Amino acid sequence: MSSANAIHIADAAADGKGKAATVAKPTRFKGGWRRGLAIFDFILRLFAIAAALAAAAAMGTTDQTLPFFTQFFQFKASYDDLPALTFFVIGNAIAGGYLVISLPFSIISIVRPYAVAPRSLLFLFDTIMLALTTGAASSAAAIVYLAHNGNSSANWIAICQQFNDFCQQISGAVVASFIAAVIFILLIVMSALALRKS
């Protein structure tokens, strides 16, 4: 009985006219991890826009006037009194504007994950914006430190005891700017990973 079964199977195989049975292979999603990286890049850019523009807006609206004044002096603190804080506002506004403009290029990287030109462009300008954002945040951080602690060697007094609201607002703006800088670092690393040859 086993030999009859063997012959029957052989005949059935011969009836196939020599054609091998084809097995459907599962199709791989085009783009793979590069597309996922591009989607994450787009989301990070949205967070960076929020951080950079919030930093610029918070610093650009800092203004506090003390309720007492003399005949000749009015005690007032504003961001435009210090060039470092003005540079901070301009730098973060430029970074925020760039991030908005970069969104279409990020979308192109999602649609065409293997396209090199948009990713290279983002890598280049992200690096420039990282330098700008870090420089702006660092210069403002030095001013914030002096406002909080002063400098006894230079006879600079701390002003945050009097201008408390001003100091809180500029401190928050500096933190937001450093968050934007960290996001730029992540974007640069992800662009480098996407550009490397697999």
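How many helices and strands does the secondary structure of the protein chain come to? In this predicted model, the count is 5 helices and 2 strands. Read from the N terminus, the elements follow the order α-α-β-β-α-α-α, with the two β elements placed between α2 and α3.

Some overall figures help to set the scene. The protein chain has 198 residues, of which 35% are buried. Among the contacts with a separation of 6 or more, 77% are accounted for by residues 24 or more positions apart. The area exposed by the protein chain is about 12,300 Å², and carbon and sulfur atoms supply 69% of this area.

The packing of the helices can now be taken pair by pair. Two packed helices are described by the angle between their axes and the distance between the axes. For helix α4, spanning residues 117-149, and helix α5, spanning residues 164-195, the angle is about 155° and the axes lie 8 Å apart. Because angles over 145 degrees count as roughly antiparallel, α4 is roughly antiparallel to α5. The crossing of α4 past α5 is left-handed. On the chemical side, the residues of the contact of α4 with α5 comprise 21 nonpolar, 9 polar and 2 charged.

Helix α5 also meets helix α3, which covers residues 83-111. Here the axes come within 11 Å and cross at roughly 40°, so α3 and α5 are oblique to each other. As α3 passes α5, the crossing is left-handed. On the α3 side, the contact is made by Leu85, Phe88, Asn92, Ala95, Tyr98 and Leu99; on the α5 side, the partners are Phe166, Ala173, Val174, Ser177, Phe184 and Leu187. Sorted by type, the residues of the contact of α3 with α5 give 10 nonpolar, 2 polar and no charged.

A closer look at one residue of helix α3 rounds off the picture. Gly97 is located in this helix. Is Gly97 to be called buried, exposed or partly exposed? With a relative accessibility of 30%, Gly97 counts as partly exposed, because this class lies between the limits of under 20% for buried and over 50% for exposed. Gly97 can also be placed relative to Leu53, a residue 44 positions away along the chain: the C-alpha atoms of Gly97 and Leu53 are separated by 8.3 Å.

Conventions
Residues are numbered from 1 along each chain as its sequence is written. This is a predicted model: local features need pLDDT of at least 70, side-chain atom pairs count only at pLDDT 80 or more; totals for chains, interfaces and linings use all residues. Side-chain values use heavy atoms; hydrogens and water are left out. Helices (H or I, at least four residues) and strands (E, at least two) are DSSP runs, numbered from the N terminus. Buried means under 20% relative accessible area, exposed over 50%, partly exposed in between (1.4 Å probe, protein chains only). Contact means heavy atoms within 4.5 Å. Accessible areas come from the Shrake-Rupley method with a 1.4 Å probe; for residues, only the protein chains shown count as cover. Axes are lines fitted to C-alpha atoms, for helices over the stretch in contact, and angles run from 0 to 180 degrees between N-to-C directions. Angles under 35 degrees count as roughly parallel, over 145 as roughly antiparallel, 65 to 115 as roughly perpendicular and the rest as oblique. A crossing is left-handed if the near helix is turned anticlockwise from the far one by less than a right angle, and right-handed if clockwise. Ala, Val, Leu, Ile, Met, Phe, Trp, Tyr, Cys and Pro count as nonpolar, Asp, Glu, Lys and Arg as charged, and the others, Gly among them, as polar.
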